[in-house]
Amino acid sequence: MAERPSDRLNTPGRQRTWLPKVKFSEDAFGAFAEGFARFMGTARFLIWMTVFIIAWIVVNNIAPDLLNDPFPYIFLTLLLSLQASYAAPLILLAQNRQEARDRVTAEHDRQVAAQSRADMDFLAREIASLRMRINDMPTRDFIRGELRDLVEELSRGADTDAEPRRERRDKPAKRRPEQ
């Protein structure tokens, strides 16, 4: 008897089954589930389902031989149960996909908020630094006072100019008013 390659121990692989392997695209099936769930949540679906049920009851009461589903409407109940048994997992799948999207969105929002916070902290430090530098700068009044002093020295004349300059270098600098 001839051995199949998959029967040997030194050959990797699985045994083939007589059923074909069916692969579904997760995104395509998920998109179908979301579309189905969206449709089932509309007023249009509820109206058409109500029309179908009323028509079923009317046809079974007027022409019972046509559908042959007497009063307890067992076949109608079976159809509605079948529809519900398929609707529930599809709605859950759609909700899981929405939850995954919400999770990704929330994570992105957290990252954006963290970056915004870091940017605000950086700008606050920069503004504080600029304020400190501005406090070290001479004020307009200080500069005007210095200019007045220089104008007075120049107006006194060239012969007395040397002496006040020496005094100015020796005397301590004026303190600016704090802002």
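User: Which side chain has a polar atom 3.1 Å from the backbone nitrogen of Leu 76?

Analyst: This is a predicted model, so read the distances here as computed from it. The residue you want sits in the loop between helix 3 (64-67) and helix 4 (74-136). A polar atom of its side chain lies 3.1 Å from the backbone nitrogen of Leu 76, and the residue is Asp 69.

User: And which side chain does Asp 69 join through a polar contact of 3.0 Å?

Analyst: Start with what Asp 69 touches, leaving out residues up to four places away in sequence: Trp 56, Asn 60, Pro 64, Ile 74, Phe 75 and Leu 76. One of these also shares a side-chain to side-chain polar contact of 3.0 Å with Asp 69, and that is Trp 56.

User: How far from Asp 69 is the nearest side chain of opposite charge?

Analyst: Asp 69 is buried, yet it has no salt bridge. A salt bridge needs the nitrogen and the carboxyl oxygen within 4 Å. The nearest candidate is Arg 44, and its distance from Asp 69 is 26 Å.

User: Zooming out, how many helices and strands does the chain have?

Analyst: Reading along the sequence, you get the pattern α-α-α-α-α-α. That comes to six helices and zero strands.

User: What share of the 179 residues is buried?

Analyst: To count as buried, a residue has to be under 20% relative accessible area. The chain as a whole exposes about 15900 Å², with carbon and sulfur atoms supplying 62% of that. Out of the 179 residues, the buried share is 11%.

User: Which residue of helix 4 pairs with Glu 34 of helix 1?

Analyst: The whole structure holds six salt bridges. One of them has a closest N to O distance of 3.0 Å and brings together the side chains of Glu 34 and Arg 97. The pair links distant parts of the chain, 63 residues apart, and the helix 4 partner is Arg 97.

User: Is Glu 34 buried or exposed?

Analyst: Its partner Arg 97 has 24% relative accessibility and counts as partly exposed. Glu 34 comes in at 9% relative accessibility. The cut-off is under 20%, so Glu 34 is buried.

User: Which residues are linked with Glu 34 and Arg 97 in a network of salt bridges?

Analyst: The Glu 34 and Arg 97 salt bridge is part of something wider. The network takes in two further residues, Asp 27 and Arg 101.

User: What separates Glu 107 from Arg 110 along helix 4?

Analyst: These two form a salt bridge, with the closest N and O atoms 3.2 Å apart. Glu 107 is partly exposed, at 36% relative accessible area. Both residues lie in helix 4, and the spacing is three residues, about one turn of the helix.

User: Why are Asp 121 and Arg 117 about one helical turn apart?

Analyst: Their side chains meet in a salt bridge at 3.5 Å, N to O. Asp 121 is partly exposed at 31% relative accessibility, while Arg 117 is exposed at 52%. They are separated by about one helical turn because both sit in helix 4 with a spacing of four residues.

User: Which residues make the nonpolar surface patch of about 460 Å²?

Analyst: One member, Val 22, is found in the segment before helix 1 (26-40). Val 22 is exposed, with a relative accessible area of 58%. The full patch is made by Val 22, Phe 24, Phe 29 and Phe 32.

Key
Residues are numbered from 1 along each chain as its sequence is written. This is a predicted model: local features need pLDDT of at least 70, side-chain atom pairs count only at pLDDT 80 or more; totals for chains, interfaces and linings use all residues. Side-chain values use heavy atoms; hydrogens and water are left out. Helices (H or I, at least four residues) and strands (E, at least two) are DSSP runs, numbered from the N terminus. Buried means under 20% relative accessible area, exposed over 50%, partly exposed in between (1.4 Å probe, protein chains only). Lys and Arg count as positive and Asp and Glu as negative; His and the chain ends are not counted. A polar contact is a pair of N or O atoms within 3.5 Å; within protein, one must be able to donate a hydrogen and the other to accept it, and residues adjacent in sequence count only if both atoms are side-chain atoms. Contact means heavy atoms within 4.5 Å. Patches are made of residues with over 30% relative accessible area and no salt bridge: like charges are joined within 9 Å, nonpolar side chains (Val, Leu, Ile, Met, Phe, Trp, Tyr) within 5 Å. Accessible areas come from the Shrake-Rupley method with a 1.4 Å probe; for residues, only the protein chains shown count as cover.
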